[in-house]
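Colleague: I want the reasoning behind each label, not just the label. Show me the model and let us go through it.

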Amino acid sequence: MSKQSQPEKGTPQRPFVLGIETSCDETAAAIVSADKQILAHRVLSQIDAHSAYGGVVPEIAARQHISNLDHLLRDVLDEGEMTFRDLDAIAATTGPGLVGGLMVGVMTAKAAARAAGKPFVAVNHLEGHALTARLTEDVNFPYLLLLVSGGHCQLLAVRGVGNYERLGSTIDDAVGEAFDKTAKLLGLEYPGGPSVEKAALSGDENRFPFPKPLLNKPGCDFSFSGLKTAVRRTAEACAEKEGALSHADRADICASFQKTVAECLVNRVKNAAAVFQEKAGTGKFPLVVAGGVAANAYLRDKLETAAQDEGFSFHAPPMALCTDNGAMIAWAGLERFSVHPETDDYTTAPRARWPLDTKAAPLVGKGKKGAKA
Ligand code: KG4
Ligand code: ZN
């Protein structure tokens, strides 16, 4: 996405904030303005560097961020026709994530901020996903957020900038992780989510009745590890019967897997909606879906239908802003900076774990970007 792809919006309004994202395998940066214009936007994917390993290798990711970030920032400033001095603040993802990559982004942002005499804003990556819908649409607080990415799967009540209550989370695997592992064991290309979605297009979603962990149970938590095991057993059984996994089997497994995930997500969202409604004491509110898995058209469709059934408005960022990007970090930084103009997080260090709801019980496990949540 570039600023040319946006409708003409007139002179951008200050503050202008640069956001840097290096928490996983995308090196990304963007500049946004207070009136929601994306003035510059670049994402450099590291897919080629990691695909041979079937997942993100932290050491390789950190080295790639070091090689890429300087020229990426030059390109972003050129596209925005700015220098660092024209900005009002510089934000960077400071956690949760892979610490090597976080250090590259945070140190670069702090150095640029000090040299240009601008404040540094430490952004929580999850807050970036949580607030993106407010950049791309006019979504007001409070809203119910389904945050689904490679390292996280949570339902949150979002009541304001910095005001998050976790209503539920995965007790084992994150949903993106389940997509990635399913793809890997079926021999599909990395990253897994888009590969599974593509393969599912030609599959029969009713062929394999996979288990639906926690379905129709009370509460808002998720569980995907049993589903992943069932996928593995089914793939092994198909391969044993026919000598090798056929194209049709693969497609049917992907379609059945995706359908199961959708049913689980919809069921949990409905429970969370009831909890949220009771706490908020109001009838209707927005349902926002964010994170890399929100780029999945099939899941978006099912969640949108569920929202409509319940009478809630449905919001999901455009596909390109679901997966990790700099605009979401710039926007979360801008929202924080607008509420607290005195912000300067120069002494804040990168953190591998950083829950959005700091009052919720700690999460167990260890996903690719910190606690599985
Ligand atoms: O938000 P994100 O870019 O990084 C994290 O914060 O984790 O999410 C990446 C995750 C990966 O697990 C990837 O497989 C998944 O999002 N993903 C998808 C799709 N596109 C990306 N999952 C399902 N369908 C997709 N189309
Ligand atoms: Zn993310």
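Colleague: Take Phe337 in helix H10. Why is Phe337 called buried or exposed?

Modeller: This is a predicted model, and the label rests on computed area. Phe337 has 12% relative accessibility. Buried means under 20%, so Phe337 counts as buried.

Colleague: What is Phe337 in contact with, leaving aside its neighbours within four places in sequence?

Modeller: Pro15, Asp88, Ala89 and Pro119. Contact here means heavy atoms within 4.5 Å. Gly162 is another reference point: its C-alpha is 12 Å from that of Phe337, and the two are 175 residues apart along the chain.

Colleague: H10 also follows the loop that holds Asp324. What makes Asp324 a donor of the zinc ion (ligand 2)?

Modeller: Distance. Donors are N, O and S atoms within 2.8 Å of this metal. Asp324 (OD), His125 (NE2) and His129 (NE2) coordinate the zinc ion at 2.0 to 2.1 Å, so they qualify under that cut-off. Along the chain the spacing reads H-x3-H-x194-D. His129 in helix H4 and Asp324, in the loop between strand S10 and helix H10, are 195 residues apart, and the pair links distant parts of the chain. Both residues are buried.

Colleague: How do you know that the span of helix H3 agrees with its length?

Modeller: H3 covers residues 99-116, which is 18 residues. At 1.5 Å a residue, the helix should span 26 Å. Its end C-alpha atoms are 25 Å apart, so the two agree. Just after H3, Gly117 takes a positive phi of about 70°.

Colleague: Which elements cover the buried residues of H3?

Modeller: They include strands S1, S4 and S5, and helix H2. Among the buried residues of H3 are Gly101, Leu102, Val104 and Ala116.

Colleague: Val99 is in H3 too. Why is Val99 called partly exposed?

Modeller: Val99 has 35% relative accessibility. Partly exposed lies between 20% and 50%, so Val99 falls in that class. Together with Met103 and Met107, Val99 forms a nonpolar patch on the surface, with about 270 Å² of accessible area.

Colleague: What makes Lys181 and Asp173 a salt bridge?

Modeller: The closest N and O atoms are 4.0 Å apart. The cut-off is within 4 Å, so the pair is counted as a salt bridge. Lys181 is partly exposed at 31% relative accessibility, while Asp173 is buried at 3%. Both belong to a network of salt bridges that also links Glu177 and Lys228.

Colleague: How do you know that Lys212 forms a salt bridge with Glu263?

Modeller: Their closest N and O atoms are 2.8 Å apart, and the limit is 4 Å. The pair links distant parts of the chain, 51 residues apart: Lys212 sits in the loop between H6 and helix H7, Glu263 in helix H8. Lys212 is partly exposed at 34% relative accessibility. Glu263 is partly exposed at 27%.

Colleague: Thr260 also lies in H8. Why is Thr260 called buried?

Modeller: Its relative accessible area is 3%. Buried means under 20%, so Thr260 earns the label. Beyond its neighbours within four places in sequence, Thr260 is in contact with Phe210, Pro211, Lys212 and Leu227.

Colleague: How many salt bridges are there in the whole structure?

Modeller: A search finds 18. One of them joins Arg336 and Asp345, at 3.3 Å from N to O. Both of those residues are buried.

Definitions and conventions. Residues numbered from 1 in each chain as written. Chains lettered and ligands numbered in written order. Predicted model: local features only at pLDDT ≥ 70, side-chain atom pairs only at ≥ 80, totals over all residues. Heavy atoms only, no water. Helix = DSSP H or I, 4+ residues; strand = E, 2+ residues; numbered from the N terminus. Expected span 1.5 Å × (residues − 1). Buried < 20%, exposed > 50% of the residue type's maximum accessible area, 1.4 Å probe, protein only. Patch = residues over 30% accessible without salt bridge, like charges linked within 9 Å, V, L, I, M, F, W, Y side chains within 5 Å. Areas by Shrake-Rupley, 256 points an atom, 1.4 Å probe, with all protein chains shown as cover. Salt bridge = Lys/Arg side-chain N within 4 Å of Asp/Glu carboxyl O. Donors = N, O, S within 2.8 Å, 3.2 Å for Na, K, Ca; no water.
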